[in-house]
Structure formats: structure tokens, C-alpha cells
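User: I'd like a close look at a single part of this protein. Please start there, then connect it to the rest.

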Amino acid sequence: MSQRAERRGIHVDQSELLCKKGCGYFGNAAWQGLCSKCWREEYQRSRQKQIQEDWALAEKLQREEEEAAAYASNQGSQSHPAPQSQAPPTLAPFSKFEEKKTNEKTRKVTTVKKFFSPSSRTAPKKESHEGKAPSPSISRQSSIETDRVSRDFVDFLKNLQKPGREIHKQSRAFIESMANKKDLGADELSECVQDFYQNMSDRLMAHFKGSSERVERVMDQVEKYIMTRLYKNVFCPETTDDEKKDLATQNRIRALHWVTIEMLCVPVDQEIPEVSDSVVKAITDVIEMDSRRVPRDKLACITSCSKHIFNAIRVTRNEPASADDFLPTLIYIVLKANPPRLQSNIQYITRFCNPSRLMTGEDGYYFTNLCCAVAFIEKLDAQSLNLSSEDFERYMSGQASPSGPDSGHGWASGAAGASPGVVQTQLEALSGLSQRQEQVLEGVRDLQVELQQWEESVGRQVQGILERYPLELRPPPPAPAIDSDNTDDDGLPPPLTPQVFAG
């Protein structure tokens with residue numbers, strides 16, 4: 001089987017990582033293959049269209065209500081002179097119809113007003129937040145980290161003097177405004193943060209007169225400050241199904257624990273110590289991503305993981321790694337690491353990271369590849385691993401394992417696909433362990449003999465001392481009686497006798 005055929009389910013052309021609009025930036029599966037810029041434009045257009053449709057529906061229901069009210073008023077004025085018993089029989093059904101229309105109109109109008117009214121967004125879900133209150137230790141840890149980031153942010157802005165004070169003021173005002181928007185959806189929260197990024201970036205660009213490097217440095221600090229303060233409110237919000245996706249992805253990766261390096265055509269030899277060390281570091285980095293609070297720091301973990309992967313491939317092949325080698329290895333690392341809350345972290349980065357980092361640069365490239373790796377894992381099938389459908393289903397159900405005796409693959413039968421060199425190395429290691437075990441056992445036997453000889457020698461020395469200096473047991477002297485004459489005390493003065501003095 002050729003190398004090309006082996007990778008038919010994993011190979012991804014680099015053009016597929018770019019935005020579908022052809023703007024040249026990196027796309028994202030969460031944005032339907034678009035970059036953040038094109039996605040925001042599409043989202044704003046669709047949102048504006050939805051707003052117009054909602055307003056049109058509200059106006060239509062308003063007109064229907066007015067017409068129904070006018071019709072009911074006319075019917076009431078015509079039927080007023082007549083006795084109550086002669087009321088039109090269709091009045092009651094019409095009243096129900098009017099009530100239904102009114103309720104529907106009220107619901108639609110309230111929804112539209114709530115969508116546009118900022119005051120309607122100030123009522124947070126107190127019960128749900130109280131029910132999920134963090135533990136005191138987590139709260140203290142978050143507070144310490146928040147205070148530290150705030151101090152670092154203030155120290156950084158001191159070098160900017162007047163612009164620094166304005167940046168700090170705007171950032172604090174934005175955080176306070178976001179505190180009243182906890183009931184917004186994730187997309188609305190993301191749009192608020194991205195708008196703030198854009199406005200702040202435009203102001204800084206005008207102030208620094210086009211110095212993109214200085215603007216990027218300031219924006220990194222702004223992102224770190226506001227996202228550390230907003231993390232617990234915007235990470236995996238209750239209005240999304242991120243938590244369900246996390247569980248589904250985690251269960252999916254657990255079910256694929258049997259996937260081997262050979263199945264994914266991963267060009268990594270873990271028998272090489274440096275390669276094994278790089279693989280462990282890559283797994284550690286992708287797991288550590290969940291402990292970070294700032295999107296830029298999470299991206300840094302992904303970038304570090306990717307660089308360790310490239311190093312492992314380079315050491316194995318003695319040549320620079322290609323994109324075709326990188327993606328299968330990244331998939332293998334994700335399967336072995338099973339990172340916690342993977343989908344939530346990807347969505348968090350997508351929604352709240354500075355868009356310039358995701359559209360260009362190595363951070364954006366590696367993040368796009370991670371999204372591709374997760375998408376591949378979700379859609380992984382028998383054809384992607386060059387397996388038959390029957391074997392794939394058996395492995396997924398746990399009825400068989402690729403390393404089991406009933407597996408029909410070359411790498412899974414006999415010695416589980418180990419090369420002769422690997423087998424020889426393992427046999428030599430076992431032989432060395434056997435020799436060391438014999439040496440340990442021989443040392444134990446010698447120690448037992450020495451202990452026995454030492455015990456006999458100590459016994460002989462004790463017996464010799466007892467023979468030279470026999471122990472004599474003397475009876476204790478009798479205790480003297482209290483009233484008996486004590487001749488040993490003749491030198492003592494006589495006892496005092498009481499004397500009587502005449503008064």
C-alpha cells in the first residue's frame with residue numbers, strides 16, 4: 001500500500017485552511033470556514049436581516065390587533081341595544097381568536113423590545129449562578145490572579161502616561177458594562193468584545209501613527225486584563241451547548257483509545273528518547289491549555305504543542321517536517337491527551353481572542369490545524385484508518401483490539417507490529433533485568449549469612465563476659481524497725497523535747 005493511499009483520510013490541502021471568501025486569512029470550522037473578519041460581516045448581515053423580519057412581524061401583529069380591536073368595538077356598539085340573550089353567537093369564538101392574536105403579538109413584540117433594550121439585559125439569572133457558586137479555594141485563587149493581572153496592567157500603562165490612563169478608564173468601563181449583560185447569548189457577548197477590540201485598536205493606531213507593533217503589544221495587555229476579569233462569565237456560558245459538546249468529544253476520544261500510530265501514519269519513533277520527550281511535552285501543553293484564562297495564553301499552549309510535534313518529526317526523519325506529517329501527529333497527540341473541555345476552549349478562543357491572531361501568523365495556523373484535527377476525530381471512520389467496517393465497529397464497541405490475537409493486521413498480530421530492532425532491544429533489556437535480579441538475590445543470600453554469623457559472634461562474646469564476671473544476686477538488707485535502737489545514728493543530736501514556759 002502506497003504512502004498516498006495510507007493517508008487518503010488524513011491529508012488536508014493547505015488551501016482548505018484558508019477563508020472560503022478568498023481573503024487570504026485562515027478560516028475556522030466554527031465560523032463555517034470563514035475568517036473572523038468575513039464571519040463578522042456575514043453575521044451582521046444575517047442579524048440585520050433577522051431584526052428587520054422581527055420588526056416586520058411585530059408591525060404586522062400590531063396592525064392585526066388594531067383591526068381586531070376595531071372590529072370588536074363595532075360589533076359591540078351594534079349589539080348594545082339588543083338584549084344580552086340576542087348577542088351574536090360568533091362573539092365568543094372571535095374573542096378567543098382575538099385573545100390568541102393578542103398574546104402572540106405581545107410575545108413577539110416583547111421579544112423584539114428585549115432584543116434592542118439594554119435595560120432588559122440587566123436581570124441576571126441569579127438562581128442559576130447561585131446554584132453553581134464556585135468553591136472558596138477557587139474563588140480565592142481567581143481573586144489572586146485577577147489582582148495580579150490588574151497590577152501588571154496598571155504598571156504597563158504607566159509607561160504610556162496620558163493614553164495609558166484613557167485605556168485603563170475605557171477598559172474598566174467596558175468590564176462594568178459587560179457585568180450587566182450576563183444573560184446575552186455567546187454570539188452577542190463575542191460581538192461586544194470584538195467591537196471593543198476594534199474600537200480600541202483604531203484609537204491606538206491613530207495615536208501611535210500606524211505603529212502596528214506597539215498597537216499589538218498594548219492590545220495583548222488589554223486582552224489579558226479584560227478576559228481575566230470576564231473569564232468566569234464568558235467561558236462556557238449557560239446559553240450555549242459547549243458543555244454537551246465537551247462530553248461528546250471526550251467520550252468520542254475515549255472510544256478511539258485503540259487507534260495506533262501506524263493507523264494514522266504518524267512519522268514519529270517514540271523509541272528515540274528525544275522524540276519521546278517531545279511527545280510528552282506536546283501532550284502536556286495541549287492539556288495545560290484548559291488552565292489558562294486568556295485566549296492568547298491558550299493559543300500559546302497550542303503553539304508550544306505544535307512546535308514539540310515538529311521537533312519530534314524532525315528528529316525522527318532527520319529533515320524538516322511537512323504539513324502532511326504535522327496534522328496526523330497532531331491528531332494522535334489529541335487522542336492520547338484527551339484534553340479537558342476541548343470544545344469549550346476552542347469556542348472561547350474563537351469568540352474572544354484578538355482576531356488578528358487567528359487570521360494570520362503561526363498562532364492562527366496552528367489553531368486552524370487543531371480545529372481540523374478535532375473535526376477529523378469527530379468524523380473518523382473505517383476508511384480514514386484503512387480498516388474494514390466490521391473491524392472498525394468491533395474496535396469501537398470494545399469486542400476486539402488491534403493488538404488482540406484475532407486482529408488481521410500486520411502491525412497488530414504476533415509481536416504487535418514491533419520491528420526486529422525493537423524486539424532485540426526489548427530482549428536485551430529483559431536479559432539485563434534478569435542479571436540484575438540474580439545479583440540482588442545473591443546479595444540477599446550473602447546478607448543473611450552475615451547476619452547469622454554476627455548473631456553467633458555476639459552470643460559468644462556475651463557468654464564469655466558472663467563466665468569471667470559471674471552475676472551474684474545478693475538479698476536486700478532488712479528494713480530497720482522504727483522503734484528499734486539505731487547504733488549507726490549515735491552521733492546525731494538528741495530529738496527536741498517540748499518546753500513549757502510559765503506565762
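What is the relative accessibility of Lys 245?

Analyst: A word of caution comes before the answer: this is a predicted model.

Lys 245 has a relative accessibility of 34%. That makes the residue partly exposed. The reasoning is simple. Buried means under 20% and exposed means over 50%, so a value in between is called partly exposed.

Now look at the partner. The side chain of Lys 245 meets that of Asp 241 in a salt bridge. The N to O distance is 3.9 Å. The cut-off for a salt bridge is 4 Å, so this pair counts. Asp 241 is partly exposed too, because its relative accessibility is 40%.

How many salt bridges does the whole structure hold? A search finds 13. Two others are worth a visit.

Take Asp 391 and Arg 394. They form a salt bridge, with their closest N and O atoms 3.2 Å apart. Both sit in helix H17, which covers residues 389-397. Only about one helical turn separates them, because they are 3 residues apart in that helix. Their surroundings can be told apart by accessibility. Asp 391 has 16%, so it counts as buried. Arg 394 has 26%, so it counts as partly exposed.

Next comes Arg 357 with Asp 220. Their side chains meet in a salt bridge at 2.9 Å, N to O. This pair links distant parts of the chain. Arg 357 lies in helix H15 (residues 355-359). Asp 220 lies in helix H8 (residues 212-234). The two are 137 residues apart. Arg 357 is buried, and Asp 220 is buried as well. There is also a third member here: Asp 363 joins Asp 220 and Arg 357 in a network of salt bridges.

Follow the chain on from H8. Cys 236 is found in the loop between H8 and helix H9 (242-255). Its backbone is unusual enough to flag: phi is positive, at about 50 degrees, although the residue is not a glycine. Cys 236 is partly exposed, because its relative accessibility is 24%.

A second cysteine shares this feature. The phi of Cys 265 is near 55 degrees, again a positive value in a residue other than glycine. Cys 265 is found in the loop between helix H10 (261-264) and helix H11 (273-288). It counts as buried, because its relative accessible area is 9%.

Do not expect these cysteines to be bonded in pairs. A disulfide is a covalent bond between the sulfur atoms of two cysteines. The structure holds 0 of them. Cys 301 shows the point: its nearest cysteine sulfur belongs to Cys 305 and is 9.3 Å away. A disulfide needs sulfur atoms within 2.5 Å, so Cys 301 is in none. Cys 301 is buried, because its relative accessible area is 7%.

Not every pair worth noting is a bond. Gln 170 and Phe 196 are 26 residues apart in sequence. In space, their C-alpha atoms are 9.3 Å apart. Gln 170 lies in helix H6 (residues 162-178). It is partly exposed, because its relative accessibility is 25%.

Finish on the surface, in helix H18. This helix runs over residues 420-468. Glu 442 lies in it. Together with Glu 438, Asp 446 and Glu 450, Glu 442 forms a negative surface patch. Glu 442 counts as partly exposed, because its relative accessibility is 44%.

Val 458 also lies in H18. This residue belongs to a patch of another kind. Trp 454, Val 458, Val 462 and Leu 466 make a nonpolar surface patch of about 390 Å². Val 458 has a relative accessibility of 31%, so it counts as partly exposed. Patch members need over 30%, so Val 458 passes that cut-off.

Back to the start, then. Lys 245 is partly exposed at 34%, and its salt-bridge partner is Asp 241.

Notes. Residues are numbered from 1 along each chain as its sequence is written. This is a predicted model: local features need pLDDT of at least 70, side-chain atom pairs count only at pLDDT 80 or more; totals for chains, interfaces and linings use all residues. Side-chain values use heavy atoms; hydrogens and water are left out. Patches are made of residues with over 30% relative accessible area and no salt bridge: like charges are joined within 9 Å, nonpolar side chains (Val, Leu, Ile, Met, Phe, Trp, Tyr) within 5 Å. Accessible areas come from the Shrake-Rupley method with a 1.4 Å probe; for residues, only the protein chains shown count as cover. Lys and Arg count as positive and Asp and Glu as negative; His and the chain ends are not counted. The place of a charge is taken as NZ of Lys, CZ of Arg, CG of Asp or CD of Glu. Helices (H or I, at least four residues) and strands (E, at least two) are DSSP runs, numbered from the N terminus. Buried means under 20% relative accessible area, exposed over 50%, partly exposed in between (1.4 Å probe, protein chains only).
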